[in-house]
Amino acid sequence: SRGLGDVYKRQIEDISTLKEKENIISKLLQEKEYLLKEVHHRIKNNMGSVMGLLKLQASRAKDQSIKNEILAAKNRIQMNLVLYDRLYRSENFSALSARDYIHSLTNEIMKSYDFDNEIVVDLKIEDYMLEYKILFPLGIILNEILTNAIKYAFTGIDEKIITILLNVINDYIILIIKDNGVGIPETIDPQVSTGFGLQLVNMMIQQINGSMKIIREKGTEYHFQFNIDS
């Protein structure tokens, strides 16, 4: 009948309209994915260029202390790049494997220094998925403490070992970074230090409502603790 034919016609029109909308959405998603990849590519290139310039400047520095400061600046950018790249490649844009991130970041830091092969880094990282808001301060803390140990801890030490442990106990993240070096002098208090790197560490601790304890026995041992929901 004519009434039934009109119903079929409307159904066909509705299906056509739906397919057209689906095609439009699919096209928009493809464009969004392309733009995201392009932005990611440009950010990586820009960060890489800055790090390359800093590395070149460090290689030309005659004063070792100046060279170390330039490399420290490069490593701070590297920390952000490693985190950003891992988040981009992850299915979850807000969280990452703590083990993968810390392994990658540690490797990049160690490669920045000429004597990295002389230092053994023992990583004991439990595998937890942590959010960006936790990983970012964690990365800064790790970068600064590890860099300080590389630069200052092993003068006159033959066997150089840095141990990094991370665990989660009762909703608290426990990060321990220790070395078997010469130790921090009693006259230096990292919690009130005027050094830029340790000031960054203290800022991150305050930001995540954490705590820091230092043990000066057979080297230096840093204990950091903060709530996983900080």
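**Reading exposure, pocket and core**

Modeller: Let's begin with Gln191, which is partly exposed, at a relative accessible area of 43%; that label covers values between buried (under 20%) and exposed (over 50%), with a 1.4 Å probe and protein chains only. This is a predicted model, where local features need pLDDT of at least 70, side-chain atom pairs count only at pLDDT 80 or more, and totals for chains, interfaces and linings use all residues. Residues are numbered from 1 along each chain as its sequence is written, and side-chain values use heavy atoms, leaving out hydrogens and water.

Biologist: Which residues does Gln191 touch, not counting those up to four places away in sequence?

Modeller: Contact means heavy atoms within 4.5 Å. By that rule, Gln191 touches Asn202 and Met212.

Biologist: Thanks! How do I read empty space, and what volume does the largest pocket have?

Modeller: Rolling a probe the size of a water molecule over the atoms shows where empty space is left. A pocket is an open set of points on a 1 Å grid over the protein atoms alone, where a 1.4 Å probe fits, with protein on both sides within 12 Å along at least five of seven lines; lining residues have an atom within 4 Å of a point. Here the largest pocket has a volume of about 460 Å³, the space filled by probe spheres set on the points, which are joined across faces, edges and corners. Of its 26 lining residues, the closest to the centre are Asn148, Ala149, Tyr152, Leu198 and Tyr222.

Biologist: And which residues have the most contacts inside the largest nonpolar core?

Modeller: A nonpolar core joins buried Ala, Val, Leu, Ile, Met, Phe, Trp, Tyr and Cys residues through side-chain atoms within 4.5 Å. Ile162 and Phe224 have the most contacts inside the largest one, which has 48 residues. Beyond four places in sequence, the contacts of Ile162 include Ile119, Leu146 and Ile177.
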